[in-house]
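User: Could you take a close look at one part of this model for me? I'd like to know how the helices at the start of the chain pack, residue by residue where you can.

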Amino acid sequence: MVQFIFYLFATVLIFAAVRVITVKNPVHAALHLVLAFFSMAAIWLLLEAEFLAIALVLVYVGAVMVLFLFVVMMLDINVATVSEGFTRYLSSGFLVGLLILLEMVAVVGSHHFGLKAMPAPTPMAADAVVNTVLLGNVLYTEYVYPFELAAIILLVAMVAAIALVMRPKRWSKYVKPEDQVVVKAQDRLTMVKMTAEKES
């Protein structure tokens with residue numbers, strides 16, 4: 001049953017990762033990346049790495065991807081221009097991906113893969129202290145000030161992203177309604193007296 005769940009989430013993860021780089025709409029690409037993060041978090045849970053799974057969901061899906069989606073949806077991105085060079089660089093991207101895969105296999109080695117080399121983790125006892133509880137106790141006692149500082153930095157980054165997105169564009173013809181309400185006729189219309197001219 002565990003192997004079936006692993007292969008199910010692994011298939012969803014590979015599908016979502018491929019869709020991130022092949023879909024044309026950047027919003028759909030970000031949503032597929034969220035799906036990839038959730039699938040990876042489920043695999044971490046199967047390996048009993050609860051802290052990594054929670055951090056992946058909270059930090060990446062809950063903070064980074066929401067901010068990325070906000071910026072992508074607020075910016076005026078020309079989808080045709082972004083996806084214009086996809087087919088042109090497809091062959092070079094495939095070669096780079098293949099080279100990275102060969103390097104990973106050469107460094108890690110094929111003898112480190114499989115259930116014999118990496119057996120399933122032994123299930124923890126019901127009364128055992130989970131590593132997430134231990135990490136939470138340390139994080140909110142000894143390292144509470146760095147944790148709050150990181151939260152403030154993330155807040156500043158979010159405010160800066162909103163300020164960059166919402167800044168006025170120079171080429172936009174925007175009319176302020178409050179200026180139209182207080183306008184007076186003498187400010188917009190000028191009466192000029194001219195002498196009449198005879199027709200030649």
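Analyst: Here's a walk through that helix pair, with a little context first and a few residues afterwards.

A quick word on the ground rules: this is a predicted model, where local features need pLDDT of at least 70, side-chain atom pairs count only at pLDDT 80 or more, and totals for chains, interfaces and linings use all residues. Residues are numbered from 1 along each chain as its sequence is written, and side-chain values use heavy atoms, with hydrogens and water left out.

The chain has 9 helices and 0 strands (helices are DSSP runs of H or I with at least four residues, strands are E runs of at least two, numbered from the N terminus). Of its 200 residues, 13% count as buried (buried is under 20% relative accessible area, exposed over 50%, partly exposed in between, with a 1.4 Å probe and protein chains only). As for contacts between residues at least 6 apart in sequence, 67% join residues at least 24 apart (contact means heavy atoms within 4.5 Å).

Now the pair itself. Helix 1 covers residues 2–22 and helix 2 covers residues 26–46; their axes come within 8 Å and cross at roughly 155° (axes are lines fitted to C-alpha atoms, for helices over the stretch in contact, and angles run from 0 to 180 degrees between N-to-C directions). That makes helix 1 roughly antiparallel to helix 2, a label for angles over 145 degrees. The crossing is left-handed, meaning the near helix is turned anticlockwise from the far one by less than a right angle.

Who meets whom? On the helix 1 side you'll find, among them, Phe 6, Phe 9, Val 12, Leu 13 and Arg 19, while helix 2 brings residues including His 32, Leu 33, Ser 39, Met 40 and Leu 46. By class, this contact has 17 nonpolar, 2 polar and 1 charged residues (Ala, Val, Leu, Ile, Met, Phe, Trp, Tyr, Cys and Pro count as nonpolar, Asp, Glu, Lys and Arg as charged, and the others, Gly among them, as polar).

Ser 39 is a nice one to zoom in on. It sits in helix 2 and is buried, with a relative accessible area of 2%. Leaving aside neighbours within four places in sequence, Ser 39 touches Phe 9, Val 12 and Leu 13.

Helix 2 also has contacts beyond helix 1. Leu 45, in helix 2, is partly exposed at 48% relative accessibility; setting aside neighbours within four places in sequence, Leu 45 is in contact with Glu 50 and Ala 53. Then there's Val 57, in helix 3 (residues 50–74), partly exposed with a relative accessible area of 25%. With neighbours within four places in sequence again left out, Val 57 is in contact with Phe 38, Ala 41 and Gly 62. The C-alpha atoms of Val 57 and Phe 37 are separated by 6.9 Å, though they're 20 residues apart along the chain.

Notes: Parallel < 35°, antiparallel > 145°, perpendicular 65-115°, else oblique.
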